[in-house]
Amino acid sequence: MPDLTYQKLAKAVADLAKASARNAETIHKNADMISDEARDTSRIADQIGALRVDRATVGETQQLSKIMDGLSDAVTAYATAGDNTSKSAQAAHDANRSSHDGINEAVRRSPVGREIHDVDNTWLAQE
């Protein structure tokens, strides 16, 4: 029996599509969380500024907020790339199903036994 079968390939492609979608969703959630934290940090900078905390501390807190906002933007861009990967994996899965499911069904229903996989390739190459 061959190491790679249609069923194994179809399952691997389907699993990849599902995992890619899950991972992209997780990355989006993390980007949203970082963005929320950046807004909170900016709000805190404003609050400690109103309390007349020294300018250096307020400035550092505002700078941290800007860094976190930039990080959120970068993670969002990464998540978008993850979405594209997920869509590509799903497209590969769909293409695999549409192009090979008929062949798989025919092989599955074939009265020829599974021993056909054990045929010597040199025999098939003979004229």
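# Burial, pairing and helix geometry in a predicted model

Q: Why does Ser 72 count as buried?
A: In this predicted model, Ser 72 counts as buried because its relative accessibility is 4%, and the limit for that class is under 20%. The residue belongs to helix 2.

Q: What makes the approach of the Ser 72 side chain to the backbone oxygen of Ala 31 a polar contact?
A: The distance given for the Ser 72 side chain and the backbone oxygen of Ala 31 is 3.2 Å. A polar contact requires N or O atoms within 3.5 Å, and the pair therefore meets the distance limit.

Q: Which residues are in contact with Ser 72, leaving aside its neighbours within four places in sequence?
A: They are Ala 31, Ile 34 and Ser 35. Seen from the other partner, Ala 31 touches Ser 72, Val 75 and Thr 76, again without residues up to four places away in sequence.

Q: What makes up the largest nonpolar core?
A: It consists of five residues: Ile 27, Ala 31, Ile 34, Val 75 and Ala 79. Helix 1 (6–50) and helix 2 (55–109) each contribute at least two of them, and the largest share, three residues, is from helix 1. The set is called a nonpolar core because its members are buried and joined through side-chain atoms within 4.5 Å. In soluble globular proteins, nonpolar side chains tend to be buried together.

Q: Why is Asp 32 called partly exposed?
A: Asp 32 has a relative accessible area of 48%. Buried would require a value under 20% and exposed a value over 50%, so the residue falls in between. Asp 32 is part of helix 1.

Q: How far apart are Asp 32 and Val 75 in sequence and in space?
A: Asp 32 and Val 75 are separated by 43 residues in sequence, while their C-alpha atoms are 9.0 Å apart in space.

Q: How do you know that Ser 65 is buried?
A: The relative accessible area of Ser 65 is 8%, and the cut-off is under 20%, so the residue is classed as buried. Ser 65 is placed in helix 2.

Q: What makes the pairing of the Ser 65 side chain with the backbone oxygen of Ala 38 a polar contact?
A: A polar atom of the Ser 65 side chain lies 3.0 Å from the backbone oxygen of Ala 38. The limit is 3.5 Å, so the distance condition is satisfied. Leaving aside neighbours within four places in sequence, Ser 65 is in contact with Ala 38, Thr 41 and Ser 42.

Q: Why is the meeting of the Lys 11 and Asp 15 side chains called a salt bridge?
A: The N to O distance between Lys 11 and Asp 15 is 2.7 Å, and a salt bridge needs the Lys nitrogen within 4 Å of the Asp carboxyl oxygen, so the pair qualifies. Both residues lie in helix 1, four residues apart, about one turn of the helix. Lys 11 is exposed because its relative accessible area is 52%, with the limit at over 50%. Asp 15, at 34%, counts as partly exposed.

Q: What makes the contact of Lys 29 with Glu 25 a salt bridge?
A: The N to O distance between Lys 29 and Glu 25 is 3.3 Å, which is within 4 Å and therefore meets the rule. These two residues of helix 1 are likewise four residues apart, about one turn of the helix. Lys 29 counts as exposed at 53% relative accessibility, whereas Glu 25 counts as partly exposed at 46%.

Q: How do you know that Arg 43 forms a salt bridge with Asp 40?
A: The closest N and O atoms of Arg 43 and Asp 40 are 3.5 Å apart, and the 4 Å limit is therefore met. Both residues lie in helix 1, three residues apart. Arg 43 is partly exposed at 42%, as is Asp 40 at 31%. By this rule, the count of salt bridges comes to five.

Q: What makes the span of helix 1 close to the expected one?
A: Helix 1 has 45 residues and reaches 66 Å from its first C-alpha to its last, and the expected value at 1.5 Å a residue is 66 Å.

Q: Why is Arg 52 called exposed?
A: Its relative accessible area is 77%, and exposed means over 50%, so Arg 52 belongs to that class. Arg 52 is placed in the loop between helix 1 and helix 2, and has a positive phi of about 65° although it is not a glycine.

Q: Which elements have the lowest and the highest mean pLDDT?
A: Helix 3 (residues 121–125) has the lowest, 70, and helix 1 the highest, 88. For the protein, the mean pLDDT is 83, and 87% of its residues reach 70 or more.

Conventions
Residues numbered from 1 in each chain as written. Predicted model: local features only at pLDDT ≥ 70, side-chain atom pairs only at ≥ 80, totals over all residues. Heavy atoms only, no water. Buried < 20%, exposed > 50% of the residue type's maximum accessible area, 1.4 Å probe, protein only. Contact = heavy atoms within 4.5 Å. pLDDT = per-residue confidence, 0-100. Polar contact = N/O pair within 3.5 Å; in protein donor to acceptor, adjacent residues only side chain to side chain. Expected span 1.5 Å × (residues − 1).
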